[in-house]
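Good morning, and thank you for making time for this presentation. I would ask you to keep the sequence and the structure in view while I speak.

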Amino acid sequence: MALAWLPVVFACTFACQAKTLRISSPEQHATLEFSLSDGGQASYRVLYDGREIIAPSALGWLERDAPKSRQWVLQGSKESAHDSTYVLPAGKTRVARDRYRELRVALADQNGARMDLVFRSYDEGIAFRYVLPKATQVRIRDELTGFAFAGDYPCWSLNLGHFGTSHEGEFDAIPASRLRSHNRIELPLVCQADAKGTTLAIAEADLRDYAGLYLAGPDSGALGVVAKLSPRLDDPSLAVSLDAGGRDVATPWRVVMLGAQPGALISSTLIENLNPPGTIADTSWIRPGKSAWDWWSGWRAPDAIAAGATTSTASLKRYIDHAQSMGLEYMLVDDGWYHGSTGDGQYHADANILQPVAGLDLPAMVQYARERDVGLWLWTHWRALDAHMDEALAWYEQLGIKGIKVDFMDRDDQQMVDFYHRLLARAAAHHLLVDLHGAYHPTGLSRTYPNLLTQEGVLGAEYNKWSTRATAGHNLTLPFTRMLLGPMDYTPGGFRNVTPAQFKPRNDLPLVMTTRAQQLAMYVVYESPFAVVADSPDAYAGAEGVQFLRDVPARWDETRVPGGAIGEHILVARRHGRDWYVGAMTNEQSRTLQLPLDFLGPGRWRATLYLDGAAPDRVDVQTREVDARSAPLALTLAGSGGAAVRFEPLRP
C-alpha cells in the first residue's frame, strides 16, 4: 500500500494551543474533526453529510503508573490520500476498493512522552488509531476512547455482561440513554441517528498485539459509550503488555461505520480495508464452498450409524455420499473423531488430535472423499490443537485435510488474540482453511489471512437444539449487526420446519421455527464462504427447495442490499459470475417485499423463485422471464418466512 504524503499542514512548538483539524472523505460524506483544547486534552467528533453523529469525544489511554490525564501539545500534522483496489479470495465481493483521506497528528506532553494519532475518513465511515513511536515497553490498563452521541439514538446492543464469553446472544433494541457503565457491550454497537435511517456501527479492525474492545455507558450517565479492554489472564490489572524493542506500536483501529440506510453498511468492506494485505502469494487453494455436517443433527445418518459412537467410518461414508449427491464441496467431521473428544465440547487432558477413535479409518475416509470430489474438514478443541499445533497441522496437510474448525476459545484477551494470529499463519503455511468457532467477533483478519473463511461469535442455528432463542426476529437483526464485521458461521439449512407455536427444542434432528424458504434465503443473506448445510442427509432427500441448496454458491463477486429494516425484513442480492441470487427474510410478521430488478444486466433473465408454501416445510417454486426494466418482483413472505431467487441470463 502506497501513501502519497501531502505537504505538512503546519508545524508547532510547545507553545501551540487550541487547534482544530478537519479531514473529509473523498465524496465529502464523512468528516472527522480533531481538536486539542487549551488544557491539552485531545478529542474528536464525526459528521455525516454535515450532521453531527459523534459529539466531541475523548482520546487517549491509561498506562500503568502513569497519570490518567495528560496535557498534550501539537507537534505537527500531515494529510494524505489513498485509492486502490485489491482482490478478496472469499467474501462479499471479489474486488474491494480502499479509498480514503488520512490525517496524522503528532503529539507530545511536557515529560516528553509521544503519541501519534492516525485518522481516516472513508465515505462509509471513519477510523482512528493510536501509534506509540519507538516504544520499548507498553503496559496499558485501558483506553480513554469515547464515542459521545449527539442524541438519544435507538440502538441494537448485545450486552455480554462480562469478559470471557462465546460472544453469542441477541442484539436487543435499546435507547442510548439506557446503556450503563456496568455493561460489557459486544461489537458492533449499531444505532440510528435519525428517522431517515442514517446508521452508525462502532467496531474495531486490525486487532493484533492488543486486547479485544468492549463498550460501556460512561460513568457520568452521558449519552454514548466508552472503551473497555479485555484484561489479561496472567495480570488482570493490565489489558496490554508488550515488549516492543524500540519499534512503533499501533493500536487496533477504532471504527465508526456510517450509512444513509442500515443496509448500506452490509456491502461495505471498511473493516477488511483497515487490515494489512495478506502475504499468501498463491491463493488458488483457498476454495469457498458448502459443507455437509454431522454434529447438528446428532450424527444421524439413519441408514448407517454405529451404536454407541458419534463418528465412525460407516457414518462418515454416509455423509460423504450425501455431500457428493448434493454437490457440496466439503464434509465437516465434528467433535468426537479423535481420542479424548467426546462429542460434548469438553476438553480432556488426555486428548490426542493425532489419534482417531476406534472404528474411524481417517486416511481411508480422506481418500474416499477425494474420489468423490469432497474435501474433509476436522473439528478440534483449541487447547488440544495448541498443545500439538505444528505436528497436527503438518499431519493434516499430509493426509489431504482441507480445513479445520477450531472451537471453544471463548476469550478475546491479548493472549487469545495472539493465538488467532499464530494459528492462522501456521494453518496457511500448511494450506489449511480455518473456521474459528467459539470465537470473538471478526476484525477483518480474513484480508490478511484469506484462509480464514468464517467464524462464529453468533447465536446461530445450534440454539434450536436447546432453546427457543433462534427466532425470526433474532435472525433479522443479525445482517444489520454481527454480520457487518465479517462472515458468520450461523449454520443454516434446517429442513424440519415448524411454526413458532409448534416448535420444541430437541438435541437430535432439531426443528427450526422458520420456514424452509427462510432457511434457503440465509445462504444469500448471511455471508459465510464456508457455508454449512446443517441437517441430516435424509432431511434433504427429495425435499422441496433442495435444488436451491445445490445451486447457490459460497463465493460472491458483488453484493447489493435493495432494502431492509433492522429486526424486521431484508433483501440482499449477490452476484456469482453472471448469475444473481437474492435472499429475502422477514421477522414473525408476514409481509410482501418489492424487489426492484435494476441490478440485473442487459438482456432477458430466467428467474427461479423459491417462495413460502402452504406450510413451513413447503416451498412454492415458480419461474418467469424478466429484465432490468420489468416491474419489481412481489415477494410474499409468511410470518418467520422468506424467499430465495436465482436469476440466470438467457441467451439471445
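**A disulfide, two sheets and some aromatic pairs**

Let me begin with two cysteines: cysteine 155 is buried, and cysteine 191 is buried as well. Before I go further, please note that this is a predicted model.

How many disulfides does a search of the whole structure find? The search returns one. That disulfide is formed by cysteine 155 and cysteine 191, whose sulfur atoms are 2.2 Å apart. For those who work with torsions, the angle about the S-S bond is 100°, and the link of cysteine 155 and cysteine 191 is right-handed. Cysteine 155 belongs to strand β13, residues 154-157, and cysteine 191 to strand β15, residues 189-192, so the pair ties together parts that are 36 residues apart in sequence.

The two strands are also joined through the backbone. β13 and β15 pair in the antiparallel sense over two bridges, and in this pairing cysteine 155 stands opposite cysteine 191 in β15. β13 has a further partner in strand β14, residues 172-175, with four bridges in the antiparallel sense. There, serine 157 stands opposite aspartate 172 in β14.

In the loop between β14 and β15 we find proline 188. The peptide bond that joins leucine 187 and proline 188 is cis, with omega at about -5°.

I turn now to the sheets. One open sheet has seven strands in the order β3-β4-β5-β6-β12-β18-β17, with antiparallel pairing. Its edge strands are β3, residues 19-24, and β17, residues 213-216, each of which pairs on one side only. On average, neighbouring strands of this sheet are turned by 25° against each other, direction ignored. At the β17 edge, four bridges join β17 to β18, residues 224-229, and the two run antiparallel. Tyrosine 214, for instance, has lysine 228 in β18 as its bridge partner.

A second open sheet of seven strands follows the order β28-β27-β26-β25-β22-β21-β29, and here the pairing is parallel. Which strands form its edges? They are β28, residues 452-455, and β29, residues 530-533, each pairing on one side only. For this sheet, too, neighbouring strands are turned by 25° against each other on average, direction ignored. β21, residues 289-293, is joined to β29 by four bridges, and these strands run parallel. Within that pairing, alanine 292 has valine 533 in β29 as its bridge partner.

A helix accompanies this part of the model. Helix α6, residues 414-429, lies across β26 (403-407), β27 (433-436) and β28, and runs at about 155° to β27.

The loop between β26 and α6 holds aspartate 410. Although aspartate 410 is not a glycine, its phi is positive, at about 55°. Its relative accessible area is 23%, so aspartate 410 is partly exposed. A positive phi of about 50° also occurs at lysine 134, again not a glycine. Lysine 134 lies in strand β11, residues 125-143. Is lysine 134 buried or exposed? With a relative accessible area of 61%, lysine 134 is exposed.

Next, the aromatic side chains. The count comes to 29 aromatic pairs. Take phenylalanine 149 and tyrosine 153: their ring centres are 5.2 Å apart and their planes stand at 35°, so the pair is tilted. Phenylalanine 149 and tyrosine 153 are both buried. Why is the pair of tryptophan 556 and tyrosine 581 edge-to-face? The centres of these rings are 5.8 Å apart and the planes are at 65°; because an angle over 60 degrees counts as edge-to-face, the pair is classed that way. This pair links distant parts of the chain, with tryptophan 556 in the loop between α11 (546-551) and β30 (558-565) and tyrosine 581 in strand β32 (579-586), 25 residues apart. Tryptophan 556 and tyrosine 581 are both buried.

Eight residues form one aromatic cluster: Phe34, Tyr44, Trp61, Trp72, Phe119, Phe128, Tyr130 and Phe147.

Finally, two arginines lie over ring faces. Arginine 372 lies over the face of tyrosine 368, at 3.5 Å from the ring centre. Arginine 516 takes such a place over phenylalanine 495, at 4.2 Å from the ring centre.

Conventions: Residues numbered from 1 in each chain as written. Predicted model: local features only at pLDDT ≥ 70, side-chain atom pairs only at ≥ 80, totals over all residues. Heavy atoms only, no water. Pairing = 2+ DSSP bridges. Axes fitted to C-alpha atoms, helices over the stretch in contact; angles between N-to-C directions. Disulfide = S-S within 2.5 Å. Buried < 20%, exposed > 50% of the residue type's maximum accessible area, 1.4 Å probe, protein only. Contact = heavy atoms within 4.5 Å. Phe/Tyr/Trp six-rings, centres within 6.5 Å; stacked < 30°, edge-to-face > 60°. Lys NZ or Arg CZ within 6 Å of the ring centre and 35° of its normal.
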